[in-house]
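Dear colleague,

I am handing over the structure below, and my notes on what was found in it follow. Please read them with the model open beside you.

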Amino acid sequence: MTELAAAKAALKTQAVETPSWAYGNSGTRFKVFAQAGVPRTPQEKLDDAARVHEFTGVAPTVALHIPWDRVDDYAALAEYAEDRGVRLGAINSNTFQDDDYRLGSICHPDPAVRRKAVDHLLECVDIMDATGSRDLKLWFADGTNYPGQDDVRARQDRLAEGLAEVYGRLGEGQRMLLEYKLFEPAFYTTDVPDWGTAYAHCLKLGPKAQVVVDTGHHAPGTNIEFIVATLLREGRLGGFDFNSRFYADDDLMVGAADPFQLFRIMYEVVRGGGFTPEVAFMLDQCHNIEAKIPAIIRSVMNVQEATAKALLVDRSALAGAQRAGDVLGANAVLMDAYNTDVRPLLREVREEMGLDPDPLAAYRRSGWAEKIAAERVGGQQAGWGA
Ligand code: PSV
Ligand code: MN
């Protein structure tokens, strides 16, 4: 197989998971802007996600967020998804929206609050049993705002204890993905602020505990691809929450702020053998001012473009230049791949998959946006936090 054919074959196997919350209304702490046609139910979110998969061919699963996507019958929801050609993906827990969590959840000083948080996580594993989901995604808003507010070491002990209980509940083939975030909502200390802390906890827990890299959760200037390379090397990269940031946790479309960074990350993924189903490629985005479904399609396409460029890196030429200490030559190999216009290649890939080569145009022509705007009238629109 030529290198191009191999790249095409790999691109056809790509899977990008879309987040249920990206289909709902979102905003900032200043304003949530409502949009016409936004889903009112988890089922309607799945209807929209099915369109993204229909037009891109590479978005077969949808992440749920509990309690935002709470339903009475999760097995029925999984069936609903399958009837529409998609599947339910990671279950995202939420231990940040109750008044009880003012001082934290799993790290809270009060054991009763910790119990409540861990019970929620255990409930999420029950949901995974019903949906057939493999991954439990854990992000904790836990931390402190003021020096001295709590014992930061004791908080680590509480975290370890809670995580161990949930780990013990994981079934065959299930995993927990521990997500880190530098700051926010806590402003002084965060209990899982970085990949090192997440990795240390995962290492103690065992192989079913993996680190998830949310691209928006780093300090400016952080070399994320190095973190990716390291976690892959250690067998602990469970997945990504893709999005873009200019300033902090902006949750903009992946590849919008820094497509070169996304390429560098995807190159390390490919280089490190991470382009497999063992690594979950998820979006974690909020489309506050732009139309949601086209923005999600655009995001999936941005991931495809970065992946295609990463797959096109001439690895043997690169290795040769690196061995020879040819600094400029090695850099040129990487830049050649990055500067390749892969859009014609991806159009071909889509045509070979029986898809329209232009997913955004195909979506626009489908009339789905007009249909949902006309039909989804009344009821409570889904929104961040609802
Ligand atoms: C936290 O900022 C986070 O990235 C976590 O993944 C949450 O589950 C998600 O955002 C909620 O949008
Ligand atoms: Mn995230």
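How many bridges join strand 10 to strand 11, and in which sense do the two strands run? Four bridges join them, and strand 10 and strand 11 (residues 237-242) run parallel. Please keep in mind throughout that this is a predicted model.

Within that pair, Val213 stands opposite Phe240 in strand 11. The chain passes from strand 10 through helix 7 (residues 224-233) to reach strand 11, and this β-α-β crossover is right-handed. Strand 10 also pairs with strand 8 (residues 175-179), again in the parallel sense and over four bridges, and here Glu179 is the residue that stands opposite Val212 of strand 10.

Strand 10 itself (residues 209-214) is largely enclosed by the rest of the structure, because six of its six residues are buried. In a regular strand the side chains alternate between the two faces of the sheet. In strand 10, Ala209, Val211 and Val213 point one way while Gln210, Val212 and Asp214 point the other way, and all of them are buried.

These pairings belong to a wider arrangement, an open sheet of eight strands in the order 1-4-5-6-8-10-11-12, with parallel pairing. Strand 1 (18-19) and strand 12 (280-283) stand at the edges with a single partner strand each, so one side of each is left without a neighbour in the sheet. The partner of strand 12 is strand 11, to which four bridges join it in a parallel run, and in this pair Phe242 stands opposite Leu283.

Phe242 appears again in the packing of the interior. The largest nonpolar core has 97 residues, and those with the most contacts inside it are Phe140, Leu163, Met176, Phe240 and Phe242. Helix 9 (residues 292-312) gives the most to this core, with 10 residues. Leaving aside its neighbours within four places in sequence, Phe242 is in contact with a set of residues that includes Thr215, Val254, Leu262, Met266, Phe281, Leu283 and Val303. There is also a second, separate core of seven residues, among them Trp21, Ala63, Trp68 and Trp139.

Helix 9 also holds Thr307, which counts as buried because its relative accessibility is 0%, under the 20% cut-off. Apart from neighbours within four places in sequence, Thr307 is in contact with Leu11, Gln14, Met266 and Phe275.

Turning to the ligand, which residues come nearest to ligand 1? Of the 13 residues around ligand 1, these are Glu179, Lys181, Asp214, Asp249 and Asp284. An N or O atom in the side chain of Glu179 is 2.8 Å from an oxygen atom of ligand 1, while a polar side-chain atom of Asp249 lies 3.1 Å from an oxygen atom of the ligand. For Trp21, a polar side-chain atom lies 3.4 Å from an oxygen atom of ligand 1.

One last residue is Met253, which lies in the loop between strand 11 and helix 8 (259-271). If neighbours within four places in sequence are left aside, Met253 is in contact with Ser244, Gln285, His287, Glu290, Ala295, Arg298 and Ser299. Met253 and Glu54 are 199 residues apart in sequence, and their C-alpha atoms are 20 Å apart in space.

With best wishes

How values were computed. Residues are numbered from 1 along each chain as its sequence is written. Chains are lettered from A and ligands numbered from 1 in the order in which they are written. This is a predicted model: local features need pLDDT of at least 70, side-chain atom pairs count only at pLDDT 80 or more; totals for chains, interfaces and linings use all residues. Side-chain values use heavy atoms; hydrogens and water are left out. Buried means under 20% relative accessible area, exposed over 50%, partly exposed in between (1.4 Å probe, protein chains only). Two strands pair if DSSP finds at least two bridges between them. A crossover is right-handed if, with the strands pointing away from the viewer, the path from the first strand over the helix to the second runs clockwise. A nonpolar core is a set of buried Ala, Val, Leu, Ile, Met, Phe, Trp, Tyr and Cys residues joined through side-chain atoms within 4.5 Å. Contact means heavy atoms within 4.5 Å. A residue is near a molecule or strand if one of its heavy atoms lies within 4 Å of it. A polar contact is a pair of N or O atoms within 3.5 Å; within protein, one must be able to donate a hydrogen and the other to accept it, and residues adjacent in sequence count only if both atoms are side-chain atoms.
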